Amino acid sequence: MRSKPYRTSSASLRNTPKSSTPRSDISAETSTISYSPARAANIIRKQLGSISRTTVYRMLDDGRIDCVRIGARILIPTKALEEFLNRCKRGERY
């Protein structure tokens, strides 16, 4: 007889505490070491305006944003994302 797969109940997920830090500013997320390109696109979108995930991947390929590749996974270090945002805020075109 086959056993049922383990599932977490939705009640236990609802009882987990939520973070009290605001998510709109990258400096508020100091515990995060790196971001996925999709998460980085959301952060850039909040700071600078409209940008797509595809554009972030294009910038990673061009070297405009530094990244770390671990196997097939692409990670953007927090420091690299902050540097990119600072360059854009200074008026450099991205």
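Four short exercises on this predicted model follow, each with a worked solution.

Residues are numbered from 1 along each chain as its sequence is written. Local features need pLDDT of at least 70, side-chain atom pairs count only at pLDDT 80 or more, and totals for chains, interfaces and linings use all residues, while side-chain values use heavy atoms and leave out hydrogens and water.

**Exercise 1. Describe helix H2 and find its buried side.**

Step 1. Fix the terms. Helices (H or I, at least four residues) and strands (E, at least two) are DSSP runs, numbered from the N terminus. Buried means under 20% relative accessible area, exposed over 50%, partly exposed in between (1.4 Å probe, protein chains only).

Step 2. Check the span. H2 covers residues 37-48, 12 in total, and reaches 16 Å from its first C-alpha to its last. That is close to the expected 16 Å, where the expected span is 1.5 Å times one less than the number of residues.

Step 3. List the buried residues. In H2 they are Pro37, Ala40, Ala41, Ile43 and Ile44. They lie on the same side of H2, because they cover an arc of only 165° around the axis. The arc is taken from the directions from the helix axis to the C-beta atoms.

Step 4. Name the partners. The buried residues of H2 pack against strand S1 (34-35), helix H3 (53-62), strand S3 (73-77) and H4. Contact means heavy atoms within 4.5 Å.

Step 5. Look past the end. Just after H2, Gly49 has a positive phi of about 120°.

**Exercise 2. Place Tyr94 and list its contacts.**

Step 1. Tyr94 sits in the segment after helix H4 (78-89).

Step 2. Its relative accessibility is 36%, so Tyr94 is partly exposed.

Step 3. Leave out residues up to four places away in sequence. Tyr94 then touches Leu48, Ser50, Ile51, Met59, Arg64, Phe84 and Cys88.

Step 4. Take Phe84. It is 10 residues from Tyr94 in sequence and 8.5 Å away in space, C-alpha to C-alpha.

**Exercise 3. Count the disulfides.**

Step 1. Apply the rule: a pair of cysteine sulfur atoms within 2.5 Å. The count is zero.

Step 2. Compare two cysteines. Cys67 is partly exposed at 27%. Cys88 is buried at 13%.

**Exercise 4. Work through the salt bridges.**

Step 1. The rule asks for a side-chain nitrogen of Lys or Arg within 4 Å of a carboxyl oxygen of Asp or Glu. The count is four.

Step 2. Asp61 pairs with Arg69 at 3.4 Å, N to O. Asp61 is exposed at 59%, and Arg69 is partly exposed at 48%.

Step 3. Arg64 bridges to Asp62, with the closest N and O atoms 2.6 Å apart. Arg64 also touches Tyr94.

Step 4. Arg87 meets Glu92 at 4.0 Å, N to O. A network of salt bridges links Arg87, Arg90 and Glu92.
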